[in-house]
Amino acid sequence: MDLSYPIGKFDFKAAVALDRRAQLIAEIADAPARFRDAVRGLDDRQLNTPYRPGGWTVRQVIHHVPDSHMNSYIRFRLALTRTRPPSTLRSVEVGGTARRHDRAGGGIAQTDRRPTSTLVALLGGLSDADFARTFRHPELGLVRLDTNLALYAWHGKHHAAHITGLRDRMGWK
């Protein structure tokens with residue numbers, strides 16, 4: 001098993017069916033609960049354990065997802081409000097943000113649902129035409145908003161699996 005991609009890598013070429021959008025939005029909405037369940041009962045030593053050699057700690061992973069939801073919200077908003085050709089949106093150096101002092105040692109209680117609920121509220125109101133819009137990612141190239149939706153649904157499950165996989169390997173019940 002690849003500890004970096006416990007649920008496999010995201011497939012950017014896969015089409016996103018119209019009837020899957022509501023399910024994908026629900027998966028994003030469920031991310032905070034999934035993470036609360038994943039870390040329930042863990043102590044500080046466990047929260048400060050990397051999910052793999054050279055990887056982020058559980059605490060850093062927990063903080064990364066709401067941070068990424070804030071950035072995703074901004075990408076969606078910019079893609080919805082800019083005219084074509086799509087602008088290249090700046091990438092986020094996730095390694096740098098995960099290692100910041102407020103993420104490396106911050107309490108996990110401060111991680112809340114607001115970034116996710118803000119993103120979900122936006123996603124729930126998008127039309128078919130909105131989901132067909134694109135933005136240019138500096139590393140990924142042209143990305144459709146429906147693909148970005150699927151990416152963020154995968155992203156939450158991917159990082160939750162980092163934590164639950166570590167719990168299983170370490171025998172933390």
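# Briefing: cores, hairpin and salt bridges of a predicted model

Setting aside neighbours within four places in sequence, L123 contacts I25, I28, F76, F131 and L149. The structure is a predicted model, and its protein chain contains nine helices and two strands. Of its 173 residues, 45% are buried.

**Overall architecture**

- Read from the N terminus, the order of elements in the protein chain is α-α-α-α-α-α-α-α-β-β-α.
- Among contacts in the protein chain with a separation of 6 or more, 78% join residues 24 or more positions apart.
- The protein chain exposes about 9,200 Å², and carbon and sulfur atoms supply 53% of that area.

**Nonpolar cores**

- In soluble globular proteins, nonpolar side chains tend to be buried together.
- The largest nonpolar core of this model holds 22 residues, of which I28, F76, L123, F131 and L149 touch the most other members.
- Helices α1 (21-29), α4, α7 (114-124) and α9 (145-170) each contribute at least two residues to this core.
- Helix α9 provides the largest share of this core, namely seven residues.
- A separate core of 16 residues lies apart from the largest one, and its members include L42, L47, A160 and I163.

**The β hairpin**

- Strand β1 covers residues 134-137 and strand β2 covers residues 141-144; the two pair in the antiparallel sense through four bridges.
- Three residues lie between β1 and β2, and the two strands form a hairpin.
- Within this pairing, R136 stands opposite L142 of β2.

**Salt bridges**

- Side chains of opposite charge can pair when their charged atoms come close.
- The model has five salt bridges, and three of them are described below.
- D37 and R40 are joined by a salt bridge between their side chains, with an N to O distance of 2.6 Å.
- D37 has a relative accessibility of 47% and therefore counts as partly exposed, while R40, with a relative accessible area of 53%, is exposed.
- D44 and R59 form a salt bridge in which the closest N and O atoms are 3.1 Å apart.
- This pair links distant parts of the chain, since D44 belongs to helix α3 (residues 44-47) and R59 to helix α4 (residues 58-81), with 15 residues separating them.
- D44 counts as exposed because its relative accessibility is 52%, a value over the 50% cut-off.
- R59 counts as buried because its relative accessibility is 5%, a value under the 20% cut-off.
- R144 and D146 form a further salt bridge, with the closest N and O atoms 2.9 Å apart.
- R144 is partly exposed at 36% relative accessibility, whereas D146 is buried at 4%.

**Points to locate in the structure**

- For the hairpin, the residues to find are R136 and, opposite R136, L142 in β2.
- For the largest core, L123 may be taken as a starting point, as its contacts beyond four places in sequence include F76 and L149.
- For the link between helices α3 and α4, the residues to find are D44 and R59.

Technical notes: Residues numbered from 1 in each chain as written. Predicted model: local features only at pLDDT ≥ 70, side-chain atom pairs only at ≥ 80, totals over all residues. Heavy atoms only, no water. Pairing = 2+ DSSP bridges. Salt bridge = Lys/Arg side-chain N within 4 Å of Asp/Glu carboxyl O. Buried < 20%, exposed > 50% of the residue type's maximum accessible area, 1.4 Å probe, protein only. Contact = heavy atoms within 4.5 Å. Areas by Shrake-Rupley, 256 points an atom, 1.4 Å probe, with all protein chains shown as cover. Core = buried A, V, L, I, M, F, W, Y, C linked by side-chain atoms within 4.5 Å.
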